[in-house]
Amino acid sequence: NGAITASATDSIYLGSEADVRVASISTPADVRLKTAGALRSAAGASQAAVQSRNVTLEAGSGDLGENALDMIVQVANNAAVTARAGGNLFLSSLVGDLRIEQIYSPGLARIRSAGALVEVSPDLRRDIQARYLQLFATTTIGSGGSELDRLDIATSLDGWAELEAAQGIYVLGLDDTLDVRSARSTSGDVA
């Protein structure tokens, strides 16, 4: 079906100049997958296309994932996720937290975490930047505590953000204007 399947006991580094479909990439080490085109999942709707420690995914001039089928990753505890797209970005996890090193899209970035959606290290550096943001987490978005623990997000001047997490939302808008269309938490703070 033209989809990539790869497994290894060490890191996996793959690159392409064309669109890429990922059926399964699995390693206990790191994965770095970069394409000049689009990067899409060929795994099932409830299956991780990438299972690794740290993961870097880049779709240079196309979408990463699809509106109907997110690129699903399963990363090790305390591992980092980096994802960049030239188009829209659709990323999710099935289990555990998503610890964000950097996410960028000039369009929509929709990210869903089965646990928390947090930054890798406490700082005031942009963790997620997109024109439009939709962030969903089963537990929290960001961490309560100091400003440094919050998830640092930015949208375009004409963009917006929609945030939803059951146990609390802790974000910091790094630009002068952050249009938050909705922020919902059923049992936690919104800060």
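Which residues is Thr82 in contact with, leaving aside its neighbours within four places in sequence? In this predicted model, they are Val55, Thr56, Leu57, Glu101 and Gln102.

**Thr82 and strand E9**

Thr82 belongs to strand E9, which covers residues 81–85. Its relative accessibility is 9%, and because buried means under 20%, Thr82 counts as buried. Strand E9 pairs with strand E11 (residues 98–113) in the parallel sense, over four bridges. Within that pairing, Gln102 in E11 is the bridge partner of Thr82. Gln102 also appears in the contact list of Thr82, as does Leu57.

**Ser93 and strand E10**

Ser93 is part of strand E10, residues 89–93. Its relative accessible area is 9%, so Ser93 is buried. Not counting residues up to four places away in sequence, Ser93 touches Ile72, Val73, Leu98, Arg112, Ser113 and Ala114. Ile72 is 21 residues from Ser93 in sequence, while their C-alpha atoms are 5.3 Å apart in space. With Ala114 there is a polar contact: the side chain of Ser93 reaches the backbone nitrogen of Ala114 at 3.1 Å.

**The partners of strand E11**

Strand E10 pairs with E11 in the parallel sense over four bridges, and Ser92 stands opposite Arg112 there. E11 is also joined to strand E12 (residues 117–119) by three bridges, and these two strands run parallel. In that pair, Ile100 stands opposite Glu119. Strand E13 (residues 128–137) is joined to E11 by nine bridges, again in parallel. Here Tyr104 stands opposite Gln129.

**The nonpolar core**

In soluble globular proteins, nonpolar side chains tend to be buried together. The largest nonpolar core in this model has 43 residues. Leu57, Leu135 and Ile141 are the members that touch the most others. Leu57 is also one of the residues in contact with Thr82. Leaving out residues up to four places away in sequence, Leu135 touches Ile111, Leu117, Ile128, Ile141, Leu151, Ile153, Glu162, Leu163 and Glu164. That list includes Ile141 from the core as well as the charged residue Glu162, which returns below in a salt bridge with Arg181.

**Salt bridges**

Side chains of opposite charge can pair when their charged atoms come close. The structure holds 12 salt bridges, and three of them are given here.

| Salt bridge | N to O distance |
|---|---|
| Asp30 and Arg53 | 2.8 Å |
| Arg125 and Asp123 | 4.0 Å |
| Glu162 and Arg181 | 3.6 Å |

The side chains of Asp30 and Arg53 form the pair at 2.8 Å. Asp30 lies in the loop between strands E3 (20–26) and E4 (31–35), and Arg53 in the loop between strands E6 (50–52) and E7 (55–59), so the pair ties together parts that are 23 residues apart in sequence. Arg53 has a relative accessible area of 36% and is therefore partly exposed.

In the pair of Arg125 and Asp123, Arg125 counts as partly exposed because its relative accessibility is 42%, whereas Asp123, at 15%, is buried.

The side chains of Glu162 and Arg181 meet at 3.6 Å. This pair links distant parts of the chain, with Glu162 in strand E15 (residues 151–165) and Arg181 in strand E18 (residues 180–184), 19 residues apart. Glu162 counts as buried because its relative accessibility is 17%. Elsewhere, Asp19, Arg40 and Glu66 are joined into one network by salt bridges that share partners.

Note on methods: Residues are numbered from 1 along each chain as its sequence is written. This is a predicted model: local features need pLDDT of at least 70, side-chain atom pairs count only at pLDDT 80 or more; totals for chains, interfaces and linings use all residues. Side-chain values use heavy atoms; hydrogens and water are left out. A nonpolar core is a set of buried Ala, Val, Leu, Ile, Met, Phe, Trp, Tyr and Cys residues joined through side-chain atoms within 4.5 Å. Buried means under 20% relative accessible area, exposed over 50%, partly exposed in between (1.4 Å probe, protein chains only). Contact means heavy atoms within 4.5 Å. A polar contact is a pair of N or O atoms within 3.5 Å; within protein, one must be able to donate a hydrogen and the other to accept it, and residues adjacent in sequence count only if both atoms are side-chain atoms. Two strands pair if DSSP finds at least two bridges between them.
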